Amino acid sequence: MGLLSLGTPLPWSEAKEFADHVRKHGIEQFLNIYHHQKNVQKQCLLWGDEIEYIVVKFNDKEKTTKLSLRAFDILEILEKPEHDWLEGITKDAPDALWRPEYGRYMIEGTPGEPYGATFRDLVGVEPNMKLRRKMAHAAMNPDEYAVTLVNYPRLGCPHELDPDHEPNGKACQSMFVPDEIINPHARFPTLTANIRRRRGSKVQINMPIYHDINTPKPFIDPTISWDRNLFDHDKEAKNGAALPDHIYMDAMAFGMGCCCLQITFQACNIDEGRRLYDQLAPVAPIMMALSANSPIYRGYLADVDARWNVISSSVDDRTPEERGLKPLANDRFVINKSRYDSIDSYLSNDATYKAKYDDIDLVYDQAIYDRLREDGVDDKLAKHVAHLFIRDPLVIFKELLDLDDKNSSDHFENLQSTNWQTMRFKPPPPNSSIGWRVEFRSMEVQLSDFENAAYSVFIVLLTRVILSFGLNFYIPLSKVDANMKTAHKRDAVLNEKFYFRKNVFTASQSSSRPGTPVEDDDEYELMTMNEIVNGKDNGFPGFVPLIHSYLNSTNIDIETRCKLSSYLSLISKRASGELLTGAAYIRQFVMNHPAYKKDSVVSSEITYDLVKRADQIAKGEYHPTELLGNFTA
Amino acid sequence: MPSQDYPKQVSVPEFKQLVLYTGNVMRNSITSGKHWNTKSNAELVQAISDTLDTSLYGSDKPSFRYFTESELLEVPDLRLSSRIQPEDRNDVEVTAKLFYLDRCNEYQVSHIDKAIHHLQQLLNVNSIDTFIVSFDTEESPAHIDKAWKDLEVYHENGVIRKLGVSDFDLVTLTEFLNKKDLKVKPSIDQVHVDKCCSLPKDLIELGKKHGVEMTFNGDTTEILTTEALSSLLNKHGLVTDKTNVKPRWVLKYNVFFNCRSVVADKGYIVVGDVLN
């Protein structure tokens, strides 16, 4: 997670005073970078993946698991090769880079060097991911494992942490998780507390519970300490924050403690970056549904399969005025989304863009927009940045207030890195040869590295296909948002339909069919996941056939071609329902477990077996063909 | 798109030879479906149909050129220019694959000369990075040798960087590599893979030993039949249903940005003769 500067973070009452200062200088920093880098051309494709792991401690004798809060110590070991290399102690560049994440039980790994553009690079992804997992285990105790579950199923249940702590911390003020669950670096507890202070209440997360035959209806959660009176915020639950028939969560940890699979890639120039940002935006909800892997929250089976709304609610710092619950008095705008959510506007000036695709209200700071425009930034990019900057900076370090705007981007990154969206457009750092980049953020991490590699490679190939075929995926953003809602649903991959553009080839327009109105070319329709991924007769050709057609147009050796085909086959079969998504597999595992009482409760005993299975799958010791298929290449 | 709504008559002079350029096929729909590794010529057939649609019926006046002396009809594609910018030449890899469809000896030499010449003009380049030849299975070794010798000359002159063959199995490739008069080894052998679970391990090994890369071949060897070409031309009003036009050769080319893995251009040049 972004920016880990050193220093004293300001409490909210003081941070608020400097919001304008940070925004103003953040814009100047952006302008300096923009003008310096806007004409850079011919950058090669470089890209990387980010995988987040949960560290779990096993007690095989008692058959229990606990979240290990030792990430800090584990990271010290993992980061040593990088430190030694940076200090010239060793000449070997590190194979992987490791970073802390929000949870004190989470570690994040990325490849040591970015991957390149060749197909050989693509088949090198899985070995690198497997190596990282091995490295992580080598740095842990023998009874600790790194699993790539999206979330620990019983996070927020009592006594699930090692060391154990009561949920009575001042930063979270949560009824379920202690402050010790947060990464000790000053940024994270400050972020947590400031979100709550700015919002004026705890964050409110409610995910619908899955009603099984023995689940009470209505479901009123007996594990909530309804009458606790440790903090003022404790009464929020019983005053309506905790909805019936829902799994209630009240802390940032439930969201930012989730693990994702994120892909960042470099564009050849700023225009290509903006174009790919736009074309991948409609793909984000599709990939979330395809990668869905999180059906359990706080020890209960949910009626959703994906985590996005949980994270969105977990960092929602909007005040009641901003949420439209009270008339605007102290705040400037009514804002329709949390600072973690899907994108609100398209970014590219490509000829295929049409204004009708931007059909949701875009709230942006007019003064900032004017400043950007007067300094030569075009309308769309100015609106994009001015929209990101309607938010307040949540973590400001006292010592780092005054910066050299020509050489620093800290204030820009402050806002940039605390707007978490389905796509992120990333300007280069100042004084760097790194180019304009795009980050694809909606995918859920998978249990095994074969799957994580498959999904990563799939996205990269899809970007090559968009560029090679000149594809147009534009649909109105309101429909993209509708797709995000749909993508959460239980078994969305099998049962739901998603809005998708019908005609994606830009060249074959109505000129070849006299009499066809131009508007028809922009039509979108509801398609099944199978149609979107595998194609529809006389309709959209499908992501996988498009990728195969692209690969057929290159000089690719047969071994690499077959390996890539196994990845495409996994995606294809997940979309057709021949293979289960991770969420479906986990759900089935719980519901078929002998100790499951058909009451939506995921007990410690079930969790032990589930986490153990996740670990075995990751290590290759257990191979469920209903999840992973049987690909030999 | 089916062209049944078009008038089926276009007025072109009587021609004896035909050259057709499809232009960039990447910008239209794709033809491969669920079975990516089935050998197919659907892309070429669709491309020819699209080109005839656009060139002959796409605007007020049909677009073609006619060379009276040789009675040659040239149908260019006007949609996009395929010329590579000189400043981009070092960033792209140009690959060409020549399908020999007409087995008449006397044409063999000029196939390669003509194909290279057409491609150089079309793409505005002097050199071609990879040139692959595809012979049908009954082609005699003597003819293959002759074609290869011509290619070796182009390689020596720096026009072609890497040479490649197509559908050479273990026996054929071994014999070819052992030829006494072989001056330039193939760098590529384009082979078709039926099932990924049974890759031709021996062939791959042989390739690794001699620096020959096995790349994927998705094309049918007889990529265009007389029947298919004649039928397409008839449907688009260029010839009557009694005329047969035999394809002489087809050149498939692609332009690939290496460091971004983007296919910038992919197309076909089709040359055919009207039979009496």
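Helices here are DSSP runs of H or I with at least four residues, and strands are runs of E with at least two. With that in hand, here are some exercises on this predicted model.

**Exercise 1. Size up chain B.**
Task: Find how many helices and strands chain B has, and judge its radius of gyration against the globule rule.

Solution:
- Start with the count: chain B holds six helices and 10 strands.
- Next, take the radius of gyration, which is 19 Å; the globule rule gives 19 Å for 276 residues, so chain B is as compact as a globular protein of that length.
- Finally, look at the extents: the C-alpha trace of chain B spans about 55 × 40 × 40 Å along its principal axes.

**Exercise 2. Trace the sheet.**
Task: Work out the strand order of the open sheet in chain B, and say which strands lie at its edges.

Solution:
- Walk across the sheet of 10 strands in chain B: the order is β2-β3-β1-β10-β9-β4-β5-β6-β7-β8, and the pairing is mixed.
- The edges are β2 (65-67) and β8 (213-216) of chain B, since each of them pairs on one side only.
- On average, neighbouring strands are turned by 20° against each other, direction ignored.
- Now zoom in on one pair: β1 (residues 17-21) and β10 (residues 262-275) of chain B run antiparallel and are joined by five bridges.
- As a landmark within this pair, V19(B) has V271(B) in β10(B) as its bridge partner.

**Exercise 3. Classify two helix packings.**
Task: Helix α15 (residues 449-469) of chain A packs with helix α9 (residues 270-280) of chain A and with helix α10 (residues 283-291) of chain A. Describe the geometry and the make-up of each contact.

Solution for α9(A):
- The angle with α15(A) is about 110°, and the axes are 11 Å apart.
- Angles of 65 to 115 degrees count as roughly perpendicular, so α9(A) is roughly perpendicular to α15(A).
- The crossing of these helices, α9(A) and α15(A), is right-handed.
- From α9(A), E272(A), R275(A), L276(A), Q279(A) and L280(A) meet T463(A), R464(A), I466(A) and L467(A) of α15(A).
- By class, the contact of α9(A) with α15(A) has four nonpolar, two polar and three charged residues.

Solution for α10(A):
- Here the angle with α15(A) is about 160°, with the axes 12 Å apart.
- Angles over 145 degrees count as roughly antiparallel, and α10(A) and α15(A) are therefore roughly antiparallel.
- The crossing of α10(A) and α15(A) is right-handed.
- V283(A), M287(A), L290(A) and S291(A) of α10(A) make the contact with Y455(A), F458(A), I459(A) and L462(A) of α15(A).
- Sorted by class, the contact of α10(A) with α15(A) has seven nonpolar residues, one polar and no charged ones.

Note on methods:
Residues are numbered from 1 along each chain as its sequence is written. Chains are lettered from A and ligands numbered from 1 in the order in which they are written. This is a predicted model: local features need pLDDT of at least 70, side-chain atom pairs count only at pLDDT 80 or more; totals for chains, interfaces and linings use all residues. Side-chain values use heavy atoms; hydrogens and water are left out. Two strands pair if DSSP finds at least two bridges between them. Axes are lines fitted to C-alpha atoms, for helices over the stretch in contact, and angles run from 0 to 180 degrees between N-to-C directions. Angles under 35 degrees count as roughly parallel, over 145 as roughly antiparallel, 65 to 115 as roughly perpendicular and the rest as oblique. A crossing is left-handed if the near helix is turned anticlockwise from the far one by less than a right angle, and right-handed if clockwise. Contact means heavy atoms within 4.5 Å. Ala, Val, Leu, Ile, Met, Phe, Trp, Tyr, Cys and Pro count as nonpolar, Asp, Glu, Lys and Arg as charged, and the others, Gly among them, as polar. The radius of gyration is taken over C-alpha atoms; the globule rule is 2.2 Å times the number of residues to the power 0.38.
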